[in-house]
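Got the model open in your viewer? Let's walk through it one selection at a time.

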Amino acid sequence: MTAIAATIASIVGEENTVSPKENLKLSQAISGNLPSCIVYPQTQAQLAAVIAAVHQNNWRVLPCGSGSKLSWGGLTKDIDVVVSTERINQLIEHAVGDLTITVEVGMKFSHLQNILAQARQFLALDPSTPEATIGGIVATADTNSLRQRYGSVRDQLLGITFVRADGQIAKAGGRVVKNVAGYDLMKLFTGAYGTLGIISQVTFRVYPVQEASGTVVLTGAVEDVSQAATTLRGSALTPTQADLISTGLVSSLELGKGVGLIARFQSISESVKEQSNRLLEVGQKLGLAGVVFSGADESHLWQRLQQQIHPPTTESTITCKIGVLPSAAVEILHQVQIGLIHIGSGLGVLQVEDKNQVLQMRSLLSSHNGFLTVLQAPVPVKQQIDVWGYAGNALPLMRRIKEQFDNKNILSPGRFMGGI
């Protein structure tokens, strides 16, 4: 056991200090040698003690949960210790009447939803994998199609507790919906990829489960689907999820031909039926093929769509997060085989084939006032391109914030934009 591992083991025990040898997830996230150990604190106090030791010794640390998104973002450098929060996973409080829940961040999303389901409630997020931990979802701002109705992770987060780079425990926000103290700090930590501190506990607002659900899929020519999306955006219809999907996705999901529009309605039965029929009528007038999914078929459809967009990490997978004006979304999707863009926000996910296509798509998106960030890609690809592709003027401010929160640069060094 190395000196670093021995020091960590004295805090959490040898059984919670693991060698990282032949760890595929780490090899896709770290440039250079693997760290000395992976540590699994079991309490918030242990986590704070580990980070205090890391800070005192100027070791570099890579925080993670279950590791499902370790391959996202830039490559970290010269990591000494990987700290996993997946064993800090207890339910703290579920205030059913207040529609809030507080949990430790190592809890898996699927487990949290099972807890909420007992009270006919749910957390309105749809992360890339249900096995992701709550901390990983917040750290990477992992929100997908449900942002159409409920907003992003930032919009649903009411409070956080986190361990600072020096090992001190701090809090922001609260446990009630009306509490806005620390609001900006919570936004800052969401999507920071563990570069400012390690989140240990979170409070979310939750929602009642709706009575009924139905999904409409329209497929056909590019210009007709684009018109259907424009009509839906300007209508009084209120889908909980609404996405444009590429021809490759339409084909692989056996939904028809051409590009597609997929919209989910969740409310009382009468409302779901009425809204579904109105969207079908829009499609019929444009000459689009339309079908409605419900029950198990609907759940299976959304599950398969998520699996296609975020496949298991492989050595050749290149997955990108994009943003573009919603009016240009269909044109962008027409350039790739596998892609999805939310019709309300213009955010989405594309799969591309190689480094050159990354650069081509980034240039195309830039011409539409959009952006492209590489989430996961083979290590050689990440070493050759700027993963984040940020061209704005906020980097000096970001660096000052990083300096304020982590002046020794020990948390996830190199993972965020600008090498932060």
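Begin by selecting strand 4 and strand 6 (residues 81-84), which run parallel and are joined by 4 bridges. Strands here are DSSP runs of E with at least two residues, helices are runs of H or I with at least four, and both are numbered from the N terminus. Two strands count as paired if DSSP finds at least two bridges between them. Before going further, a word on what you're looking at: this is a predicted model, where local features need pLDDT of at least 70 and side-chain atom pairs count only at pLDDT 80 or more, while totals for chains, interfaces and linings use all residues. Residues are numbered from 1 along each chain as its sequence is written, and side-chain values use heavy atoms, with hydrogens and water left out.

**Stop 1: the mixed sheet**

Zoom in on Val-61, whose bridge partner in strand 6 is Val-81. Now add helix 3 (residues 44-57), which packs on the sheet and touches strand 3 (37-39), strand 4 and strand 6. Contact here means heavy atoms within 4.5 Å. The direction of helix 3 makes about 165° with that of strand 6; axes are lines fitted to C-alpha atoms (for helices, over the stretch in contact), and angles run from 0 to 180 degrees between N-to-C directions.

Widen the selection to the whole open sheet: 4 strands in the order 1-3-6-4, with mixed pairing. Strand 1 (17-18) and strand 4 (61-64) are at the edges with a single partner strand each, so one side of each has no neighbour in the sheet.

**Stop 2: the antiparallel sheet**

Next, select the open sheet of 5 strands, ordered 7-8-12-10-11 with antiparallel pairing. Which strands are at its edges? They are strand 7 (91-95) and strand 11 (169-173), each pairing on one side only. From one strand to the next, the twist averages 10°.

Strand 7 and strand 8 (residues 100-104) pair in the antiparallel sense over 4 bridges. Show side chains there and you'll find His-94 opposite Ile-101 in strand 8. Helix 4 packs on this sheet, touching strand 7 and strand 8, with its direction at about 145° to that of strand 8. Helix 3 turns up again too: it lies across strand 10 (157-163), strand 11 and strand 12 (198-205), running at about 140° to strand 12.

**Stop 3: an aromatic pair**

Select Phe-122 and Tyr-207, a tilted aromatic pair at 6.3 Å centre to centre with 45° between the planes. Rings of Phe, Tyr and Trp (its six-membered ring) pair if their centres lie within 6.5 Å; planes under 30 degrees apart are stacked, over 60 edge-to-face, and the rest tilted. Phe-122 sits in strand 9 (residues 121-122) and Tyr-207 in strand 13 (residues 207-208), so the pair ties together parts 85 residues apart in sequence. The total by this rule is 8 aromatic pairs.

**Stop 4: the pockets**

Switch on a surface. A pocket is an open set of points on a 1 Å grid over the protein atoms alone, with protein on both sides within 12 Å along at least five of seven lines; a cavity is a set where a 1.4 Å probe fits but cannot get out, and lining residues have an atom within 4 Å of a point. Grid points are joined across faces, edges and corners, and a volume is the space filled by probe spheres set on the points.

The largest pocket holds about 1,000 Å³ of space. To centre on it, pick Leu-125, Asp-126, Leu-146, Arg-264 and Trp-302, the closest to its centre of the 36 lining residues. Then colour helix 12, which gives the most to this lining, with 8 residues.

The second largest pocket has a volume of about 840 Å³. Of its 35 lining residues, Gly-191, Trp-388, Met-398, Phe-416 and Met-417 are the closest to the centre. Helix 16 gives the most here, with 4 residues.

**Stop 5: the cavities**

Finally, clip into the interior: there are 3 cavities of 30 Å³ or more. The largest cavity has a volume of about 280 Å³. Cys-64, Gly-65, Gly-135, Gly-136 and Ala-139 are the closest to its centre among 25 lining residues. Helix 5 supplies the largest share of that lining, 3 residues.

For the second largest cavity, about 130 Å³ in volume, select Asp-142, Thr-143, Asn-144, Lys-321 and Val-349, which lie nearest its centre. Strand 20 (residues 347-351) gives the most to its lining, with 3 residues.
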